[in-house]
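Here are a few short exercises to work through with the model open beside you. Try each task before reading its solution.

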Amino acid sequence: MKDDLDRRWRDLGEFIREQRNVGQMSLRKLSEAAGVSNPYLSQIERGLRRPSAEILQQIARALEISSETLYVRAGILDEPAERVDPIAEIRRDPTITEEQKKSLVRIYQSFRRENELDAQDAEGADADVEPGAAGAPTPAPADDDPAHDAPDLAVGS
């Protein structure tokens with residue numbers, strides 16, 4: 001039971017870190033935007049702290065994601081019983097034209113296909129390269145590394 005809770009908090013922290021990276025935010029920038037201290041946010045990301053619903057809401061707002069997503073991952077809310085079908089919802093929307101609906105459905109389906117291909121490529125790459133082996137990806141710099149936040153100054157040609 002305790003292991004399940006610990007795993008849930010670690011998973012939540014990893015999810016927050018992933019969302020921060022997707023949004024190309026440093027730990028420092030997210031902590032400022034969410035109104036929490038840098039060390040506290042770092043501990044949340046590592047699963048060492050259990051943030052309140054209010055803190056999760058502040059983090060969600062700063063990441064521009066739904067609070068509900070974080071609440072579900074933290075176990076504050078239950079997972080929705082049934083999944084929403086985005087294509088059905090698009091087709092049901094009376095405020096857009098049929099042509100707009102078709103375009104949105106095509107875009108959504110292309111994103112799904114792209115993500116499936118990326119996931120397949122990642123699975124193949126993980127199986128091909130052992131960590132630490134030549135050709136293996138190098139780890140990203142730590143967020144507290146001053147060089148990580150330094151601007152990229154390209155010399156003009």
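The exercises below use a predicted model.

**Exercise 1.** Find the helix that holds Gln58, then decide whether Gln58 is buried or exposed.

*Solution.* Begin with the secondary structure: Gln58 sits in helix α4, which covers residues 53–63. Next, take its relative accessibility, which is 19%. The limit for buried is under 20%, so Gln58 counts as buried. Finally, look at its surroundings: setting aside neighbours within four places in sequence, Gln58 is in contact with Ala34, Gly35 and Val36.

**Exercise 2.** Work out which residues of helix α5 are buried and which helices they pack against.

*Solution.* First locate α5 at residues 67–74. Its buried residues include Ser67, Leu70, Tyr71, Val72 and Ala74. Now follow the packing: the buried residues of α5 pack against α1 (2–22) and α4. To finish, step past the helix to Gly75, which follows α5 and has a positive phi near 85°.

**Exercise 3.** Examine Gln24 and Glu64, each a non-glycine residue with positive phi, and settle where each lies and whether it is buried or exposed.

*Solution.* Start with Gln24, whose phi is about 55°. Gln24 is placed in the loop between α1 and α2 (27–34). Its relative accessible area is 73%, so Gln24 is exposed. Then turn to Glu64, with phi near 60°. Glu64 belongs to the loop between α4 and α5. Because its relative accessibility is 74%, Glu64 counts as exposed.

Definitions and conventions. Residues are numbered from 1 along each chain as its sequence is written. This is a predicted model: local features need pLDDT of at least 70, side-chain atom pairs count only at pLDDT 80 or more; totals for chains, interfaces and linings use all residues. Side-chain values use heavy atoms; hydrogens and water are left out. Helices (H or I, at least four residues) and strands (E, at least two) are DSSP runs, numbered from the N terminus. Buried means under 20% relative accessible area, exposed over 50%, partly exposed in between (1.4 Å probe, protein chains only). Contact means heavy atoms within 4.5 Å.
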